[in-house]
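User: Please take a close look at one part of this protein. I would like a single connected account of a chosen residue and its surroundings, then of the features that help place them in the fold.

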Amino acid sequence: MALKQTFIPVEVLNSYGLADRETVVVPLGKGNINDTYLVSFSSGKVVFQRINAAVFPAPAAIAANFQFVSGHIQKQIRTAPFEYQCAELIPTLEGEGWYIDQKGECWRAQNYIEHAVPESRHLNYGSAVQLGQVLARFHLLTEGLDVTELHEPIPGFHRTLRYLESYDTALAEAQPADSAALSACRAYVERFRRRVTVLEQERASGRLPIRVMHGDPKLDNVIWREAEQAKGLFDLDTVGPGLRLYDLGDCLRSSCNLIGEEACQHEVTFSAEIFQAVLEGYFSAGENFLGANERELIVDAALTITVELGVRFLTDYIGGNVYFKTTRDGQNLGRALVQFKLADSMESQEKELRRMTA
Ligand code: GN1
Ligand code: MG
């Protein structure tokens with residue numbers, strides 16, 4: 001009982017009809033934004049999340065997206081020729097998709113899906129194929145949804161140019177302490193600045209279809225049954241209208257980075273082998289799953305989303321770490337450098353990667 005009071009206010013559990021039960025509450029996962037807890041009781045398990053209001057200005061919009069997309073997926077799975085798992089939003093006793101506590105914090109609940117937690121960076125060729133497949137399945141299952149009914153989860157989410165503008169503003173307003181890591185990051189931004197506008201230009205020209213985008217299909221958000229069985233994707237917070245290419249790019253960014261986002265090593269390598277495997281899995285959903293126009297931009301998408309995340313971490317470091325949670329000084333700067341080095345590794349293998357997408 002003591003634990004439950006530490007993490008989740010009783011009024012929140014109460015609004016979901018759980019306050020009178022014997023519950024055990026433990027922190028769950030490694031999210032950078034929201035606080036996530038697993039609540040276990042005699043007859044089940046529920047995941048509670050405190051939504052970070054500094055990041056998600058309209059919790060109602062993300063709860064509505066969650067309900068809309070997961071409801072649609074549940075319906076589609078019944079007749080799909082494959083298995084897929086997706087969490088469902090649990091409403092409050094009053095039927096609301098979220099609960100605002102007395103401090104004004106927004107809470108949301110969903111069912112817990114039993115899953116394996118593989119060692120970090122466990123991917124091999126076979127599991128990377130599974131990963132590509134699971135992303136394709138998410139895209140297949142959401143294909144029939146009317147994207148105009150989805151809300152943009154965060155204004156400007158995955159709009160690379162806006163992140164660059166915010167970076168320029170942050171740099172002009174703050175005077176971050178000089179360091180070798182900061183200079184290296186700033187140089188990388190200038191080096192990549194022009195290259196990463198291509199997707200936004202294509203989007204603006206109307207040549208790329210706007211479809212349902214998961215928004216965060218990173219390795220940590222994959223539901224693994226066993227080490228080599230990817231069964232679905234967690235984390236529908238960022239689902240919204242967008243480019244499928246950003247999802248594929250982000251999945252490649254995260255899975256081909258052999259040392260992870262938090263590593264402090266100097267060497268960061270983008271794995272061409274995992275890249276190939278993820279694409280093999282993704283295109284097993286169908287040869288023409290992406291249009292020719294989109295297919296040509298896969299390498300650009302992976303590079304763009306990697307640089308974009310680097311810029312986002314760097315901007316947050318300069319602005320005082322108000323967006324991504326940190327546990328030590330300089331963590332967001334270190335995270336930014338990892339992403340830029342990953343983009344650098346990608347660029348150095350660009351010819352080979354392009355050959356694989358042809
Ligand atoms: C954040 O909170 P989490 O860990 O699911 C971020 C993603 C980044 C990711 C990098 C809303 O995701 O965009 O790619 O960190 N989510 C948001 O690990 O900004
Ligand atoms: Mg997320």
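Analyst: Beyond its neighbours within four places in sequence, Glu261 is in contact with Asn32, Lys218, Arg253, Leu309, Phe313, Arg335, Val338 and Gln339. The model is a predicted one. Glu261 is found in the loop between helix 8 (244-255) and helix 9 (272-283). Its relative accessibility is 18%, so Glu261 counts as buried, the limit for that class being under 20%. With one of its contacts, Arg253, the side chain of Glu261 makes a polar contact of 3.0 Å.

The loop that holds Glu261 also holds Cys264, between helix 8 and helix 9. Cys264 has 61% relative accessibility and therefore counts as exposed. Cys264 and Gln331 are 67 residues apart along the chain, and their C-alpha atoms are separated by 9.4 Å.

Another contact of Glu261 is Asn32. On the subject of that stretch of chain, Ile33 is found in the loop between strand 1 and strand 2. Ile33 is buried because its relative accessible area is 17%. Not counting residues up to four places away in sequence, Ile33 touches Asn52, Val55, Phe56, Tyr323, Phe324 and Lys325. From Ile33 to Ala336 the C-alpha distance is 16 Å, with their places 303 residues apart in sequence.

The strands come next. Strand 1 and strand 2 pair in the antiparallel sense, over 4 bridges, and Val24 has Ser40 of strand 2 as its bridge partner. Strand 2 also pairs with strand 3, again antiparallel, over 7 bridges. There Ser40 has Lys45 of strand 3 as its bridge partner. Strand 2 and strand 3 form a hairpin with 2 residues between them. Strand 2 (residues 35-41) is mostly covered, with 5 of its 7 residues buried.

Aromatic residues are a further feature. The structure holds 10 aromatic pairs. In one of them, the ring centres of Tyr16 and Phe48 are 5.1 Å apart and the planes stand at 90°, so the pair is edge-to-face. Tyr16 lies in the loop between helix 2 (10-15) and strand 1 (24-27), while Phe48 lies in strand 3 (residues 44-51), so the pair ties together parts that are 32 residues apart in sequence. Tyr16 and Phe48 are both buried. In the pair of Tyr282 and Phe289, the centres are 5.2 Å apart and the planes are at 55°, so this pair is tilted. Tyr282 and Phe289 are both buried as well. Phe7, Tyr37 and Trp107 are linked by ring pairs into a cluster.

Two arginines lie over aromatic rings. Arg244 lies over the face of Phe289, at 4.6 Å from the ring centre. For Arg295, the charged end sits over the ring of Phe283, 4.0 Å from its centre.

Now the metal site. The magnesium ion (ligand 2) has Asp216 (OD) and Asp235 (OD) as its protein donors, lying 2.0 Å from it. The two donors link distant parts of the chain, 19 residues apart: Asp216 is in the loop between strand 7 (211-213) and strand 8 (222-224), and Asp235 is in the loop between strand 9 (230-233) and strand 10 (240-242). Asp216 has 18% relative accessibility and so counts as buried. Asp235, at 23%, counts as partly exposed, since that class lies between 20% and 50%.

The backbone is the last topic. Most residues other than glycine have a negative phi. Asp235 has a positive phi of about 70° although it is not a glycine. Asn321 also has a positive phi, near 55°, and is a residue other than glycine. Asn321 lies in the loop between helix 11 (298-318) and helix 12 (331-348). With a relative accessible area of 31%, Asn321 is partly exposed.

To return to the starting point, Glu261 is a buried residue in the loop between helix 8 and helix 9, and its side chain is joined to that of Arg253 by a polar contact.

Note on methods:
Residues numbered from 1 in each chain as written. Chains lettered and ligands numbered in written order. Predicted model: local features only at pLDDT ≥ 70, side-chain atom pairs only at ≥ 80, totals over all residues. Heavy atoms only, no water. Phe/Tyr/Trp six-rings, centres within 6.5 Å; stacked < 30°, edge-to-face > 60°. Buried < 20%, exposed > 50% of the residue type's maximum accessible area, 1.4 Å probe, protein only. Lys NZ or Arg CZ within 6 Å of the ring centre and 35° of its normal. Donors = N, O, S within 2.8 Å, 3.2 Å for Na, K, Ca; no water. Polar contact = N/O pair within 3.5 Å; in protein donor to acceptor, adjacent residues only side chain to side chain. Contact = heavy atoms within 4.5 Å. Pairing = 2+ DSSP bridges.
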